[in-house]
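Visitor: I should like to go through this model by question and answer. Please show it first.

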Amino acid sequence: MIFNESNSMIVASQSDAAEKRTDSINGHRSLFSRRNFKVGEVIATFYWDQIFPTPTYLTVQISEHEHILLQPEYLECINHSCDPNAFFDTTRKHLIAVKPIREGEQFTFFYPSAEWDMDQAFECQCGSDNCIGMIKGAKYLPQNVLKNYQFTDFIKGKLAARG
Ligand SMILES: [Zn+2]
């Protein structure tokens with residue numbers, strides 16, 4: 001999701017690591033880093049107390065029929081990018097940096113890294129050089145795109161089973 005920098009923001013510091021910004025005009029939420037992270041560093045530990053049988057635009061998939069709502073809740077504000085700097089490891093329950101992240105940078109993750117077949121496909125406008133366009137879930141990604149990303153253990157299992 002692209003932020004219009006001219007809109008005014010409601011800013012809330014959610015942790016030592018993250019700051020949630022809400023666009024006061026369109027309500028779009030995003031999460032920004034409050035410090036630098038190295039590749040592989042844990043940005044946040046997460047958990048869940050609600051599991052749903054079907055996905056929504058806010059859930060993260062952990063198994064075939066289990067879709068969680070992230071806690072702490074501000075983590076659900078992390079937007080998609082085709083050139084992400086973070087990854088939700090749903091086995092270790094860690095949000096980890098997959099690129100060096102600078103203080104003030106927006107956290108992003110690649111939605112298909114955790115989603116097999118998304119509830120709401122969308123046309124990506126992340127603006128990165130390797131933007132793949134339509135985001136529908138890992139199920140729809142060709143091999144030459146798959147090799148560029150990390151995936152959760154659940155998605156890796158699905159890809160392996162497909163052969
Ligand atoms: Zn994109």
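Visitor: In which loop is Pro-72 placed?
Guide: The model is predicted. In it, a cis peptide bond with omega of about -5° joins Gln-71 and Pro-72. Most peptide bonds are trans. As for its place in the chain, Pro-72 is in the loop between β7 and β8 (79–80).

Visitor: Which strand pairs with β6 in the antiparallel sense over 3 bridges?
Guide: An open sheet of 3 strands has the order β5-β7-β6, with antiparallel pairing. Its edges are β5 (51–52) and β6 (60–63), each with a single partner strand, so one side of each has no neighbour in the sheet. Within the second of these pairings, Gln-61 has His-67 as its bridge partner. The strand that pairs with β6 over 3 bridges is β7, residues 66–68.

Visitor: Is Lys-93 buried, partly exposed or exposed?
Guide: Lys-93 lies in the loop between β9 (86–89) and β10 (94–97). Its phi is near 60°, a positive value in a residue other than glycine, whereas most residues other than glycine have a negative phi. Because burial requires 20 or more C-beta neighbours within 10 Å and exposure 12 or fewer, the 16 neighbours of Lys-93 make this residue partly exposed.

Visitor: Which strands stand at the edges of the sheet β1-β2-β3?
Guide: The sheet β1-β2-β3 is open and its 3 strands pair in the antiparallel sense. Each edge strand has a single partner, so one of its sides is left without a neighbour in the sheet. From one strand to the next, the twist averages 25°. The edge strands are β1 (9–13) and β3 (29–33).

Visitor: How many bridges join β1 to β2?
Guide: A hairpin connects β1 to β2 through 4 residues. Across this antiparallel pair, Ile-10 is opposite Thr-22, and Ala-12 is opposite Lys-20. The number of bridges joining β1 to β2 (residues 18–23) is 5.

Visitor: What is the count of buried residues in β1?
Guide: β1 stands at an edge of its sheet, with a single partner strand. The strand has 5 residues and is hardly covered. Its count of buried residues is 0.

Visitor: Which element gives the most residues to the largest nonpolar core?
Guide: The largest nonpolar core has 33 residues, and those with the most contacts inside it are Ile-43, Ala-44, Ile-78, Ala-86, Leu-95 and Phe-109. Two or more residues come from each of β3, β4 (42–45), β9 and β10. With 3 residues, the element that gives the most is β9.

Visitor: Which residues does Ile-78 touch, not counting those up to four places away in sequence?
Guide: Ile-78 is among the residues with the most contacts inside the largest nonpolar core. Two others of that group, Ala-86 and Phe-109, also appear among its partners. The full list is Leu-31, Ala-86, Phe-107, Thr-108 and Phe-109.

Visitor: What is the radius of gyration of the chain?
Guide: The chain has 2 helices and 13 strands. For its 163 residues the globule rule gives 15 Å, and the value for the chain is close to this, so the chain is as compact as a globular protein of that length. Along the principal axes, the C-alpha trace spans about 45 × 35 × 30 Å. The radius of gyration is 15 Å.

Visitor: Of the contacts between residues at least 6 apart in sequence, what percentage join residues at least 24 apart?
Guide: Buried residues account for 29% of the 163 residues in the chain. Among contacts between residues at least 6 apart in sequence, the share joining residues at least 24 apart is 55%.

Definitions and conventions
Residues numbered from 1 in each chain as written. Predicted model: local features only at pLDDT ≥ 70, side-chain atom pairs only at ≥ 80, totals over all residues. Pairing = 2+ DSSP bridges. Axes fitted to C-alpha atoms, helices over the stretch in contact; angles between N-to-C directions. Core = buried A, V, L, I, M, F, W, Y, C linked by C-beta atoms within 7 Å. Contact = placed C-beta atoms within 7 Å. Rg over C-alpha atoms; globule rule 2.2 N^0.38 Å.
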